[in-house]
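I have a new structure open today, and I am keeping notes as I look things up. Come along and read with the model beside you.

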Amino acid sequence: MNTIIRRGIMLHIALLVAAALILTGCGDSRTEDTPTDVEPVAETAQIEATSIIAEPAAEATAYPLATASAATLPASQQETVETETTPPDTPAELVSVTPPGAPTGALPGIVTRARLAEPPAILRDLRYDEMSNRVFVTTSDSQLIVLDAAEFREEARFAFGGDLTLDAENRRLYAAPGESYIPEGETPVIHIIDADSLTEIGKLEGGRFLSLDTAGRRVFTGSPVTSYEEEGDQPDIAIYDLDTLEGIGRIDQPGVPVYNPLRDELVVTAYTVYTVDPDSGEILRDLLPELQEQPFAWCNGCEMAEAAHVFAAEGLLVVERNKIATGAGAGIYPEPLYFDAATLEPLEAPERRPSLQFTCGSQPMLLPPIDGRILRQPYFIRYLVYRNFTVHGLDGQEITWRDGLFAPYVNPRTGQAYVTQGYVLDLATLTPVGRIPEFCPLAIDEAQGRIFGRSEGELLVIDERGGMPLSPPPTEPDALPAAPVLDILISPGYPADPTVFVLLESGRVYRTEDDGLTWTRNQGGLPRHDNLTLSLSLSPDFTADRTIFAGGFVGDYQGEGVLRSTDAGDTWEPVWQGLEHLRVYDLRVSPEFATDGRIHAFARYQRISPWEAGVSLWESTDRGLSWTQVMTAASESELALQAASAWSAAPDDLPVRLAGYGQSVEVRPEGAETWETLDLGQSEDQLFRAVAPSPTFETDGTLYVLGESGLWRTTDRGASWQRWDDPRLQNRTYENALFALAVSPALPDGSHKLFVGSFAGEFWALTPSEAAETRPGSEAAAEEPLLRATATPAPPPVDVEAPTPPELPDEPPEGAYRPSGPLASLWEASDQTKSDLGYALQETSESIPAAYQSFEHGTLIWRGDNLSILALFDDGSWKAFPDTWEEGEPEFDLDISAPDGLQQPMRGFGKVWRTEEEVQARLGWALDKEQGYSAFVHSFERGFLMGSPVGARVFVEVGDEEGRWY
C-alpha cells in the first residue's frame, strides 16, 4: 500500500538506515491558558534537539570562522619554514571570509527563541501577518498559537492546527488538516478565523487542502488521491463562496486543487496533474500524459505527481514528482517539472528553472539563480540516504558540487546558506564563515530580513544580518562518561606534554593531562550528533603547535569535512576550502608537518547525477586551509593500495598482524615467508582489536595485542606470549569488551606506558614494569572469559552438497570476463574461489544499496538491486527470499517478546523471519538493529561476490536461490 507523502514531510526524514518518516501525533498537551515561554538569547545557549535534518544541538549565535587559504599567497611565502618552537599556525594569522555583497560581519543571529510546544510535539506551519504584526503558528498536537511579532507574547490559542493559508486582503486565516491524522469516521474540517479580532468565523467540512481565488471570491477544497480508496469513494473538489462560506458547486474530480490566476484555472494533483475549468468542472488537459504509459497505476517503481505549486508573481507552475516505492525509499528523488503558468509550456532552459526550496511548513519557496549560479540539492533515499549540493551555471553545466552537504535554507539576499552541519556557508566559496543553530525554515519576512524557523517545538526568529561575532563555548572539566572508547591518541611529545585524547562513541572527544585522573570535554566547535563518526589525527609537533585535526560524517548523508584546533582541542574551526567530499573517514598528518604543512584526508562520496560512488584522497599543503583531490578509487582497500602513504598510522612490517577483520592474530616467525595463526585462548565469539609495538620495538622486540577479553604481550617478536594478569582486564563481556589500545612514546628512563579503553567507557593507564603476567596454559590463563548468553541454541548444521564445478578454462568464454574492480582481488587470490564461481558475468562490480542485521546464528542481508533478502547461516549455507514487505504492513509482531538483550527483526527482515520457519529456527534472535550500507556486488557464472560490513563474502550457488557462502 502506498501513501501520498508531501515533500514538506519528506524534509524531516529521519536519515537513519531505515530512513523512517518523522510522524507527528495528535492530542492536546497544553491548555489554552498555558503561557508561552519566551527566552532571551544567551551567548552560549544550546539547542537540544533530535531531528536529523535540521535540529541537532549547536551554538545559538553565529560567529565568524577562519577560512582563508594560504594557497592565495605567493609560492615563496607558501614554502616558508618555521622553527619547531613557533606554532605553525594560530587563529590570529587567519582572515575571515566575507560573504559576497554583504558588509563585514553580516552574519545571521537569533533574536528570539520561544518554546511553543512540548515534546513530542513540534511546530508545523507558520504565517507572518505584516498588517497586524502577528505570527500564526500551528503545532503537531493540533494547536494554533497567535503571537505578537514585537515581543512574541501569546495573544490567543485555538484547539486546532494544520496547514495555514493567510488571506491578508480579506483578513482571514485558514487552518486546513493537510495530511494530519484523522480518526476513522471523522470528517476533515477547515477552520477559519478573523485575522484581526482573532475569533473563529466559520468551518468548511470535507476537504484537507484549500486554495483561494480572491478575485473571483471563491474557495476550493479537496483531498489527496490515494491507492487504497475506490475511485467513487474519494471526495470531489468543493467550491465555496469566499464571503458567505456557503457551498456554490462541486467538481467531479478528486484531488488537491491549486488556483492559477494567470489562466483562471485549477491545477489539480490527482496521481497526475490536470488543469480544470472551475466554472464548468471540465478537465482541460493532462500535464503529465506519460504517467498513463506506465504498466498500471500505483505500481512499485512507477512515477506519480506529488504536489503542484503556482507562483503567480514569477509566472511559474512547478510540479513535484516522486516514485512509488515499497520498503524504505524510491531511489533518486526526481527533479520538479517547470511550466510557464500562463501558457503551460514546459520550461527546459536551466535559467528558467529556479530551484524549489522546501520548508518545514506548507509552502515551498523559489530559489532564483544567485550571481549567475543555480543551486540544487539532489538526494537519494532507499535504506541509505545520500545528499549532494550542486552549483551550475546558467547554461546548466556543473561548476562544482559537495557530497554530504544539505542546506535547509539558502538565503539569496545575503549569499549564504544555513547548512545542517550548523554553519553559515558562503555561497561564493562553499566554505563556512560562521555558526548558527540548525533549524528548519517555516516562513520568511523579507521586508525586515527575518527568518522564522523551528527547532522541534521551539520557534526561532533569526535576523539574517544581526549576528554578533562570538567565540565558541568554553571547554570545561567533565567526567569521562560510560560510553564506548573507540580510539586513544597520545601526544607525540608525551614525556614533556602528558596529553592523551580519547574518542568516544558519537564523536565525543575528551582530553586528560594526568593519565585519566581528570578529564576535559573538547566541545568548542566540534559537531554534536548521536550518529556522528569522527576520526582524529595529531600534529607530530603537537607539544609546540597544539594542533589536532578531526574528520567525520553522520551516516551516509552528512559530511563534517575537516576541522582543526590549534589550542589542544579547546576550540575548533571547519577547514573545507576546495574539499568536495565531506564524508571524511580518516586523516593522516605528515611527519614533516612543521615544514611541509601536509595532510591527507580520505573520504567516501556518492555523486547522484551522474551516479558515481567511491572513495577519494585529498591533500592539503597549507595545514588544512585548502584541499586538492589526489585520486579516487572504488573501495577503501583499493584506495589504500593506490595511495601507499608513507604516513601509515602503524608500521606495516611488524611480525604480528590481525587477520579476518580481527577474528584471529597471525605471526610470521623470523626468517619465514608465511603467516601462522596464534592461539591466545580468546573465545571465537570475541574479536582482537589492536596490535601495537613498543616505542623501542627494534631493540626490545616488544609487541602488544588487545583482544576484547584481554591483553597479551610478546618480548621476542612474537615467538612467545604472556597474558596481562590484571583483574581489571579479565572476564570481559559483550557490554564491557576491551576496545582501544595505545602505547606512549619512550619515557626518559626508556620505559613506556599503555593506555586501554573499553566499550563501557573504562580507561586505564598501565605501566608494563608493574604488570603481573601469566603464560598460556597456566591456571589464570585458562580462565574462560564470560561470553554473551544467547536465547537460542545453535541448530545442527544443514548439509548443502556442492556440485563439482567444471574446470576453469584459461580464458573466459564468450560473454564472460576476468573480473576487475574492488572485489577482483578476492577472486584472483583463491583458486578455490575461481573454481567455485567461474568467470565474471560483468567486467566490474557495481555499487548497490544494502542493509544487514546480525543474529545469534547468522546474518540477514538485503539487496537493493533485486529486492531480495539473503539469509546467511552459521553452518556456511545461505538462502534467498524475495523482499515482499510493503509500507503499511505491520513492522513487527506485538505478540512476540524477545529475551533480554535480544531483538525481534522488523519490516522486510522481520517478515521473512516470521513467515519462514526455517529462517527463524536457524538464525535465532537478532542481536542488533538493522543497519544500512553501500555494497559492491559482482556476478559470476556460478554465484556472486558481495561486500558486507565485515568483509567481502563468496556466494556459491548450489540450487535455485540457495548455496554455500564463505
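**Entry 1: confidence.** I began with the stretch 1–105, where pLDDT (the predictor's confidence in each residue, from 0 to 100) stays under 50. For these residues the model has 291 contacts beyond four places in sequence, a contact being heavy atoms within 4.5 Å. I then found residues 772–791, where pLDDT also stays under 50 and the model has 42 contacts beyond four places in sequence. For the protein chain I noted a mean pLDDT of 83, with 83% of the residues at 70 or more.

A note on reading this: the model is predicted, so I keep in mind that local features need pLDDT of at least 70 and side-chain atom pairs count only at pLDDT 80 or more, while totals for chains, interfaces and linings use all residues. Residues are numbered from 1 along each chain as its sequence is written, and side-chain values use heavy atoms, leaving out hydrogens and water.

**Entry 2: disulfides.** How many disulfides are there? I counted two, taking a disulfide as a pair of cysteine sulfur atoms within 2.5 Å. With the bonded cysteines of the protein chain numbered in sequence order, the pairing reads 1-2, 3-4.

One of them joins Cys299 and Cys302, with the sulfur atoms 1.3 Å apart. Both Cys299 and Cys302 are buried, where buried means under 20% relative accessible area, exposed over 50%, and partly exposed in between (1.4 Å probe, protein chains only).

I also looked up the link of Cys360 to Cys440, with S to S at 1.8 Å. This link is right-handed, with 95 degrees about the S-S bond. Cys360 sits in the loop between strand S23 (355–357) and strand S24 (365–367), and Cys440 is in strand S33 (residues 440–445), so the pair ties together parts 80 residues apart in sequence. Strands here (E, at least two residues), like helices (H or I, at least four residues), are DSSP runs numbered from the N terminus. I checked burial too: Cys360 has a relative accessible area of 6% and is buried, and Cys440 is buried with 2%.

**Entry 3: a sheet from S11 to S14.** I traced an open sheet of four strands, antiparallel, in the order S11-S12-S13-S14; two strands pair if DSSP finds at least two bridges between them. At its edges are strand S11 (209–213) and strand S14 (247–251), each pairing on one side only. S11 pairs with strand S12 (residues 218–222) in the antiparallel sense over five bridges. In that pairing, I found Phe209 opposite Gly222 in S12.

**Entry 4: a sheet from S29 to S32.** Here I met an open, antiparallel sheet of four strands, ordered S29-S30-S31-S32. Strand S29 (409–411) and strand S32 (431–435) stand at the edges with a single partner strand each, so one side of each has no neighbour in the sheet. Strand S31 (residues 423–426) and S32 run antiparallel and are joined by four bridges. Asp426 stands opposite Thr431 in S32.

**Entry 5: Asn322.** Is Asn322 buried or exposed? I found that Asn322 is buried, with a relative accessible area of 10%, and that it lies in strand S20 (residues 316–323). Its side chain makes a polar contact with the side chain of Glu306 at 3.1 Å. Such a contact is a pair of N or O atoms within 3.5 Å; within protein, one must be able to donate a hydrogen and the other to accept it, and residues adjacent in sequence count only if both atoms are side-chain atoms. Beyond four places in sequence, Asn322 touches residues including Cys302, Met304, Glu306 and Tyr333.
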